[in-house]
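Please read the following account with the sequence and the coordinates side by side. It goes from helices to loops, and then to the core and the ligand.

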Amino acid sequence: MASQQYHISLLQMDIRLADPQYNQQRAGEWIAEAMKAEPKPDVIVLPEMWNTGYALDRLDGIAEPENGPICDWLSETAAHYGITIVGGSISEQRSSGFYNTLYAYAPDGSQLTRYDKIHLFKLMDEEKFMQPGEQTTLFPLGDVTAAASICYDIRFPELARTLALAGAKVWFVPAEWPNPRLHHWRTLLTARAIENQMYVIACNRVGRDEKSEFFGHSMIIDPWGEVIAEGGEEEGIISATIDLELSEDVRGRIPVFADRRPELYKHQD
Ligand SMILES: O=C(O)CCC(=O)C(=O)O
């Protein structure tokens with residue numbers, strides 16, 4: 001079996017509202033910077049909606065076309081460096097509307113997954129402008145099953161559990177999670193890691209837009225719930241090496257999955 005160790009780097013970047021060219025240039029600079037590190041990252045993760053930010057009322061004309069140039073660029077960048085890119089999410093325009101869409105690419109440049117955010121965040125009016133996704137996603141990370149969701153999705157424990165039951169040992173979560181809910185962000189991510197005995201790898205943006213301020217605190221949490229890397233509130237690259245065998249180890253010690261009693265998880269009067 002191939003090694004299950006991966007060096008992960010999260011690009012905790014600021015995002016300029018409604019300026020996809022600038023944001024793509026910055027993302028490219030951040031990736032080049034991350035690739036100078038030793039050890040070099042195997043996996044790079046970007047934040048949510050990094051092309052436009054939450055410019056929801058201006059997406060027409062600035063959102064990416066379906067499988068557009070940003071996808072080509074992510075694919076070429078992954079192949080150029082020989083890394084996996086979990087490309088955060090981008091705002092994407094299709095004939096059926098706008099979507100908050102995550103793409104991941106393998107080291108050979110092939111597309112690993114496309115996932116449309118399934119829970120749209122009403123507090124930021126997302127549902128007024130975007131269409132929800134209709135399915136969850138799993139994708140291979142080497143020999144291991146990985147999952148990805150977006151931001152508000154972490155508030156739905158059923159989603160993380162479903163992904164873990166389907167085999168996920170690591171869950172990638174790009175986000176634009178704003179102040180003042182740092183306590184929710186840290187607690188929910190940590191709980192999802194502990195209860196599902198999987199790595200949780202969450203990349204949040206920093207900076208501010210016209211309505212919100214974003215605190216960063218990108219996190220890499222292991223299957224025991226230990227925070228092995230956490231960002232501050234400034235731009236930066238947050239890195240750690242993970243060993244996906246740890247998930248099996250933890251599941252063996254506290255056999256939550258074997259001990260589940262799903263037949264009782266229905267309310268009975
Ligand atoms: O759930 C939250 O508090 C934040 C969610 C969010 O900002 C988002 O999904 O974009």
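Two residues are taken to be in contact if their C-beta atoms, placed from the backbone, lie within 7 Å. Helices (H or I, at least four residues) and strands (E, at least two) are DSSP runs, numbered from the N terminus. A residue is called buried if 20 or more other C-beta atoms lie within 10 Å of its own, exposed if 12 or fewer, and partly exposed in between, with C-beta atoms placed from the backbone. The model is a predicted one, in which local features need pLDDT of at least 70 and side-chain atom pairs count only at pLDDT 80 or more, whereas totals for chains, interfaces and linings use all residues. Residues are numbered from 1 along each chain as its sequence is written.

Helix α5 covers residues 182-196, and at 1.5 Å a residue its 15 residues should span 21 Å (the expected span being 1.5 Å times one less than the number of residues), which agrees with end C-alpha atoms that are 21 Å apart. Its buried residues are Trp185, Leu188, Leu189, Arg192, Ala193 and Asn196. They cover an arc of only 130° around the axis, which puts them on the same side of α5; the arc is that of the directions from the helix axis to the C-beta atoms. These buried residues pack against α4 (157-165) and against the strands β9 (170-175), β10 (199-204) and β13 (219-221). The exposed residues His183 and Thr187, by contrast, are carried on the face of α5 turned away from its buried side.

Helix α1 (20-34) can be read in the same way. For the 15 residues of α1, a rise of 1.5 Å a residue gives an expected span of 21 Å, and the end C-alpha atoms are indeed 21 Å apart. Pro20, Asn23, Ala27, Trp30, Ile31 and Ala34 are the buried residues of α1. Seen down the helix axis, they fall within an arc of 100°, so they line one face of α1. The cover over these buried residues includes β1 (5-12), β2, α2 (69-81) and β15, while on the other side of α1 the residues Gln21, Tyr22, Gln25, Gly28, Glu29 and Ala32 are exposed.

The loops hold several backbone features that deserve inspection. In the loop between α1 and β2 (43-45) lies Pro39, which is joined to Glu38 by a cis peptide bond with omega of about -5°. A cis peptide bond also leads from Asn179 to Pro180, with omega near 0°, and Pro180 is placed in the loop between β9 and α5. Just after α5, Gln197 takes a positive phi of about 55°; this residue is in the loop between α5 and β10, and it is buried, with 24 other C-beta atoms within 10 Å.

Cys151, in the loop between β8 (144-148) and α4, has a phi near 45°, a positive value in a residue other than glycine. Cys151 is buried, with 26 other C-beta atoms within 10 Å, and, leaving aside neighbours within four places in sequence, it is in contact with Glu48, Phe121, Ala175, Glu176 and Trp177.

Which residues surround the ligand? They are Phe121, Met124, Cys151, Tyr152, Arg155, Glu176, Trp177, Pro178, Arg181 and His184, where a residue is included if its C-beta atom, placed from the backbone, lies within 6 Å of the molecule. By class, this shell has six nonpolar, one polar and three charged residues, given that Ala, Val, Leu, Ile, Met, Phe, Trp, Tyr, Cys and Pro count as nonpolar, Asp, Glu, Lys and Arg as charged, and the others, Gly among them, as polar.

A nonpolar core is a set of buried Ala, Val, Leu, Ile, Met, Phe, Trp, Tyr and Cys residues joined through C-beta atoms within 7 Å. The largest such core has 78 residues, and those with the most contacts inside it are Leu11, Val45, Val170, Trp171, Tyr199, Val200 and Ile201. Of these, Tyr199 touches Lys169, Val170, Trp171, Ala193, Ile221, Asp222, Pro223, Ile242, Leu244 and Ser247, not counting residues up to four places away in sequence.

Glu233, finally, is in the loop between β14 (227-230) and β15 (236-243), and with 16 C-beta neighbours inside 10 Å it counts as partly exposed. Beyond its neighbours within four places in sequence, Glu233 is in contact with Val206, Phe215 and Gly216.
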